[in-house]
Amino acid sequence: MKVTTYLTECRRKTARQSPLPVKLGSESGSDGNAYLCFRLRDKKLDLKVRTDIPVISEYWDNDIPGYGKTRKVSPADRKKMNALVCDIIAKLNTEYDEETADAAWVKDAVNRCMNPELERRQSKPTFIDRYEQYLREHKMAKNSYNIYKATLKRLKRYEAYKREIYDIEGFHLYVETITADDYHDFEEYIQSEHELFKEYGEFYAQFGLKGRSIPKPMAIVGVVYIIRHLRTIHHWCIKQGYTSNKSCDQVPNPDPTLGTPVYITLEGRDTIYNADLSRQCMSVRLARDFFMFQSLIGCRVGDLRKMTYNNIHDGVLTYIPHKTMERQGQAVDVPLNSKALKILARNASDGHLLFPRHAVTTNTAALNKEIKRVFTLCGITRMATVRNPVTGADEQKPINEIASSHMARRTFIGNLYKKVKDPSIICYMTGHTKGSRSFARYRDIDEDIKIELVNLIN
């Protein structure tokens, strides 16, 4: 990793004063006409970060880097500035981690070099430090890890926001001092981050947010789970003896409201299965078969992608659900019916996977797009009641507009539940954990079950 410096012109006055303890250049009668910037390059990384350190560009030498010998800058200022730059570069080289390095880290390192007292205060592990420690030491499934990691990134943006936009110097959360109000403040932040992103584009540019990572309005259930992540880390710190602060217990922990699962009937499923899509492109045909096979075995899309012919023995498909692997590690056995076997036969390839590698089998967004197209082509367009994830209100939408790979899993569960009505068997075949709230929703959606139960005492 290589660190260099460059300058950018002071085109406007900054809203804040330079964070330096003493203004460099004051003895020479100038606060500078440029800002000092740092550039970090390493393989695929190329970070350019502007600081609030003012310099006099006419006498600056990036090759030093620092001020060259000149009478226009006092010896004291020259020595102080050059020592500071040397300290910053040394700290960046010492703390550099290619997996976590970003502009926010560079600014924090620069700030700590300019404020030794802040460096001393930050020697105590922050909430973020404990969060990262938890991720290192706590074994979890990759999907769960990625979800926790996304919350960590939000927490880092929140702290940077408080420091740079609210001008709270050295702001950090600590497990020893975090309060219920801090939890609520973070909750308000993540609920409004999509609006803040538009308002403070220059600030958010440092995080490299693009495409799917750009903040969007948060669903109610998403906010609940993000706060739960913080409470989980906090409780873990208490258990480890890092703190006796139990403010996390004062934070509400509501059960997220889950809507009624929407799925298609066996008749609708068979309509899609029997549809003549020979004139459609391969993406449509493959998406139909992928969806149909998933609706016949009830697995999650991530598990289906990894299945090979080694998972099948004597007509029975066996696999360990990845999502619950760490908690249960129990293998699931699902017999393959004639429809499932026919789908596999017509998708057989030279590869070892059940389905050939293709955009719709490797990319969920592409798969869901084609599934919606399949529903439309097959005339499966009835209206369905869905819960708006942001407002929580019920809405009516055509089922072809909300169709997805996960609807295949719900189709397997919902239709099987109507036939068997034994939750323990279906839970086992779908890899749900015991007492799963998402699975319990299926008990409330079938009026036939209620009628049959009432007739038992007729």
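**Chat about the sheet and Asn311**

Modeller: This is a predicted model, and it has an open sheet of three strands, antiparallel in pairing, with the order β1-β2-β3.

Biologist: Which strands sit at the edges?

Modeller: β1 (2-9) and β3 (45-55), each of which pairs on one side only. On average, neighbouring strands in this sheet are turned by 25 degrees against each other, ignoring direction.

Biologist: And how many bridges join β1 and β2?

Modeller: Eight, in the antiparallel sense, with β2 covering residues 34-42. If you want a landmark, Thr4 stands opposite Arg39 in β2.

Biologist: Which strands does helix α1 lie across?

Modeller: Helix α1 (residues 75-95) lies across β1, β2 and β3, and runs at about 25 degrees to β2. Helix α2 (residues 103-114) lies across β2 and β3, at about 35 degrees to β3.

Biologist: Switching topic: where is Asn311?

Modeller: In the loop between α11 (301-306) and β6 (312-313).

Biologist: Buried or exposed?

Modeller: Buried, because its relative accessible area is 18%, and the cut-off for buried is under 20%.

Biologist: OK, what does Asn311 touch?

Modeller: Leaving aside residues up to four places away in sequence, Asn311 touches Lys306, Val316, Leu317, Thr318 and Tyr319. Its side chain also reaches the backbone nitrogen of Thr308, at 2.8 Å.

Biologist: Last one: what's the average pLDDT?

Modeller: The protein averages 84, and 81% of the residues score at least 70. Over residues 13-30, though, the pLDDT is below 50, and that stretch has 39 contacts in the model beyond near neighbours in sequence. Where pLDDT is low, don't read the predicted coordinates in detail.

Terms used. Residues numbered from 1 in each chain as written. Predicted model: local features only at pLDDT ≥ 70, side-chain atom pairs only at ≥ 80, totals over all residues. Heavy atoms only, no water. Helix = DSSP H or I, 4+ residues; strand = E, 2+ residues; numbered from the N terminus. Buried < 20%, exposed > 50% of the residue type's maximum accessible area, 1.4 Å probe, protein only. Contact = heavy atoms within 4.5 Å. Polar contact = N/O pair within 3.5 Å; in protein donor to acceptor, adjacent residues only side chain to side chain. pLDDT = per-residue confidence, 0-100. Pairing = 2+ DSSP bridges. Axes fitted to C-alpha atoms, helices over the stretch in contact; angles between N-to-C directions.
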